[in-house]
Amino acid sequence: MAVGNTSAAQWRAIEDVSVLAASTQRPWTEISPAVVDNFQRDGVVILREAFPKWVEPLRAGLQRNLDNPRNFAFPCDSANDDEPGRFFDSYCNWQLIPEYLLFIFTSEAAAIAAQLMESQTAQLFHDHAFTKEPGTQKATPWHHDLPYYCVDGTQTVSIYVALDATPTQTAVRFLKGSHRDGKTYRPRNFASGAEYEHEDSSLLPAPEVDPHGTDIFVEALSPGDALCFDFRTLHGTTSAEIENRRRAFSTRWMGDDVRYLERQGETSPPLDNLGLQSGEVMRPDLFPVLWPPSHD
Ligand SMILES: O=C(O)CCC(=O)C(=O)O
């Protein structure tokens, strides 16, 4: 079983990604003000049929990742050996998997991210691919992503593209409005449920959320639909058994107010040696600014 947070591959495969950003174009697609308002209010929104033509390429990219996890960055199996099924994830692979790279540099994702974040710019943080195989009962523990990351800010979004039809029973659930409650919870390991060791006393114990409560946002997904959620929005799943393969490809985006934050403990991804002090902008040579689409 591959454990998380150790890199099998060099994720910084391209010397200066700004060159790639400047030589590619990303299309515009309009997000309605009502959708932006919903995202700002709830911390989550669904965009139906946002990326239909990307489903096959992203499935192919994810299959490379699944077939040879050790050739790629940060592979992780979160269903333990004595648990049924497989819950695989891997992140920071866009420089290694061409289909991921093409999606990030040439799809509408950057334009969508900028609009939802109400930000002039959209800067890529990283990609994150997920697969739950049939038979898996392992729940995704309730968590929010921001305290896992070496960044802080309020203009953030993950664009999670469903690659399989997913019923509500096994889809990711979100606690509406939790991005604005001012609380930050300890990250936890998906496989063991153990909390990360952090010296930050402002972090609350990992949250318990009623997955069937009235404030839960959950939608059945079709391939190509995108769930878009703030890094601060609490999310998780039930342990309902996965009946059909459930794959998703997520990209994490940072807006104008996001800055590097030196966390007092483990982060995921564990992006060390960035050469940054807390409060500095994330390096555009490693984390490309993809909206606006060109800088000339
Ligand atoms: O697909 C899942 O169950 C987990 C997704 C997730 O936690 C995330 O995208 O941050």
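Start with an open sheet of 3 strands, ordered β8-β7-β10 and paired in antiparallel fashion. Its edge strands are β8 (216-217) and β10 (235-236), and each of these pairs on one side only. The model is a predicted one. Strand β7 covers residues 173-175, and 2 bridges tie β7 to β10, the two running antiparallel. One bridge can be picked out by residue: R173 has G236 of β10 as its partner.

Now move to β6 (156-162). Is this strand buried or exposed? Of the 7 residues of β6, 7 are buried, so the strand is largely enclosed by the rest of the structure. In a regular strand, side chains alternate between the two faces of the sheet. On β6, T156, S158, Y160 and A162 point one way. V157, I159 and V161 point the other way. Both sets are buried.

Which strands does β6 pair with? One is β11, joined to β6 by 7 bridges and running antiparallel to it. Within that pairing, V157 has W253 of β11 as its bridge partner. Another is β9 (residues 226-229), joined to β6 by 4 bridges, again antiparallel. Here S158 is bridged to F229 of β9.

The ligand comes next. Which residues are around it? They are H128, F130, T140, D145, S158, Y160, V172, H235, T237, A248 and S250. Three elements give two or more residues each to this shell: β4 (122-132), β6 (156-162) and β11 (246-254). Two residues of the shell, S158 and Y160, are among those that point one way from β6 and are buried. By class, the shell has 6 polar residues, 4 nonpolar and 1 charged.

Finally, look at a helix pair. Helix α3 spans residues 55-67 and helix α4 spans residues 98-106. They pack at an angle of about 140 degrees, and their axes lie 7 Å apart. How should that angle be read? Angles over 145 degrees count as roughly antiparallel and those of 65 to 115 as roughly perpendicular, with the rest above 35 taken as oblique. The helices α3 and α4 are therefore oblique to each other. On the α3 side, the contact is made by P57, L58, A60 and G61. On the α4 side, E99, Y100, L102 and F103 make it. By class, the residues of this contact divide into 6 nonpolar, 1 polar and 1 charged.

Technical notes: Residues are numbered from 1 along each chain as its sequence is written. This is a predicted model: local features need pLDDT of at least 70, side-chain atom pairs count only at pLDDT 80 or more; totals for chains, interfaces and linings use all residues. A residue is near a molecule or strand if its C-beta atom, placed from the backbone, lies within 6 Å of it. Ala, Val, Leu, Ile, Met, Phe, Trp, Tyr, Cys and Pro count as nonpolar, Asp, Glu, Lys and Arg as charged, and the others, Gly among them, as polar. Two strands pair if DSSP finds at least two bridges between them. Axes are lines fitted to C-alpha atoms, for helices over the stretch in contact, and angles run from 0 to 180 degrees between N-to-C directions. Two residues are in contact if their C-beta atoms, placed from the backbone, lie within 7 Å. A residue is buried if 20 or more other C-beta atoms lie within 10 Å of its own, exposed if 12 or fewer, and partly exposed in between; C-beta atoms are placed from the backbone.
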